[in-house]
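I opened the file to look up ring contacts, burial and surface patches. My notes follow in the order I made them.

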Amino acid sequence: YKEKYGNCRVPKKMKILGGWVQRQRREYRQCKDGQPTNLTRERYMRLKEVGFLFWTKGIKSIHLANSPARIAAPIYDSIDSAEVEELKRLVNEQNRVIEEQQFLMNCMKKQVDELIDWKEKKEKKTKELQESFDLLQTVVENQERKISDLEEAKEASSPEEMGKRVEALENWRKKRLEAAIA
């Protein structure tokens with residue numbers, strides 16, 4: 001469109017391209033107002049590089065002399081003073097720079113908010129993992145204790161251990177008998 005007409009002011013009557021242009025402007029306004037938007041900083045910069053106008057208030061298309069191309073120009077009352085015109089141009093440029101800065105700040109705010117959300121999710125996940133690890137550690141300690149108890153019981157029921165117990169019982173019985181006789 002720019003190659004054919006010399007600007008990026010696509011009229012609404014061009015249904016597909018005009019609708020797309022309107023969506024880009026709406027996304028720009030939403031981002032500028034701090035609302036969620038799909039307009040990325042990269043797309044904004046690429047559109048800006050080709051001369052895309054995100055704002056059209058106070059702009060109208062005019063024909064250049066001896067040229068079919070149209071250009072966007074500010075609408076002002078006809079004033080002869082070149083200094084006043086230059087001042088208006090500077091004010092207009094300053095306003096555009098301020099709008100661009102607001103847009104970029106809102107984009108950065110969105111990215112910071114996303115980073116904060118990501119960090120909070122990571123912290124929550126870390127806490128959940130730590131709790132799971134602690135629970136697993138407790139289960140492992142309980143299992144180790146049960147294994148140790150089983151090993152002790154197994155040793156206690158070995159033939160050698162049983163023999164020692166029987167011998168100890170017999171010694172106890174002998175002592176009791178001797179004590180009873182004496």
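I began with phenylalanine 103, at 0% relative accessibility. I put it down as buried because that value is under the 20% limit. The model is predicted, and I read every value here with that in mind.

Next I searched the whole structure for aromatic pairs and got five. One of them joins tyrosine 44 to phenylalanine 103, with the centres 4.1 Å apart and 35 degrees between the planes. I logged this pair as tilted, since stacked needs under 30 degrees and edge-to-face over 60.

Where do the two partners sit in the chain? I found tyrosine 44 in helix α3, residues 41–49, and phenylalanine 103 in helix α4, residues 82–156. They are 59 residues apart, and the pair links distant parts of the chain.

I then checked the burial of the other partner. Tyrosine 44 has 1% relative accessibility, so I entered it as buried.

I followed the ring pairs further and arrived at a cluster of Tyr28, Tyr44 and Phe103.

I also looked for a charge over a ring. Arginine 25 lies over the face of phenylalanine 52, and I noted 5.6 Å to the ring centre.

Last, I turned to the surface. Leu135, Leu136, Val139 and Val140 make up a nonpolar patch there, and I recorded about 360 Å² of accessible area for them together. From this patch I picked valine 139, which I located in helix α4. Is valine 139 buried, exposed or partly exposed? Its relative accessibility is 42%, so I wrote partly exposed, as the value falls between the 20% and 50% limits.

Terms used:
Residues are numbered from 1 along each chain as its sequence is written. This is a predicted model: local features need pLDDT of at least 70, side-chain atom pairs count only at pLDDT 80 or more; totals for chains, interfaces and linings use all residues. Side-chain values use heavy atoms; hydrogens and water are left out. Rings of Phe, Tyr and Trp (its six-membered ring) pair if their centres lie within 6.5 Å; planes under 30 degrees apart count as stacked, over 60 as edge-to-face and the rest as tilted. Helices (H or I, at least four residues) and strands (E, at least two) are DSSP runs, numbered from the N terminus. Buried means under 20% relative accessible area, exposed over 50%, partly exposed in between (1.4 Å probe, protein chains only). A charge sits over a ring if NZ of Lys or CZ of Arg is within 6 Å of the ring centre and within 35 degrees of the ring normal. Patches are made of residues with over 30% relative accessible area and no salt bridge: like charges are joined within 9 Å, nonpolar side chains (Val, Leu, Ile, Met, Phe, Trp, Tyr) within 5 Å. Accessible areas come from the Shrake-Rupley method with a 1.4 Å probe; for residues, only the protein chains shown count as cover. A salt bridge is a side-chain nitrogen of Lys or Arg within 4 Å of a carboxyl oxygen of Asp or Glu.
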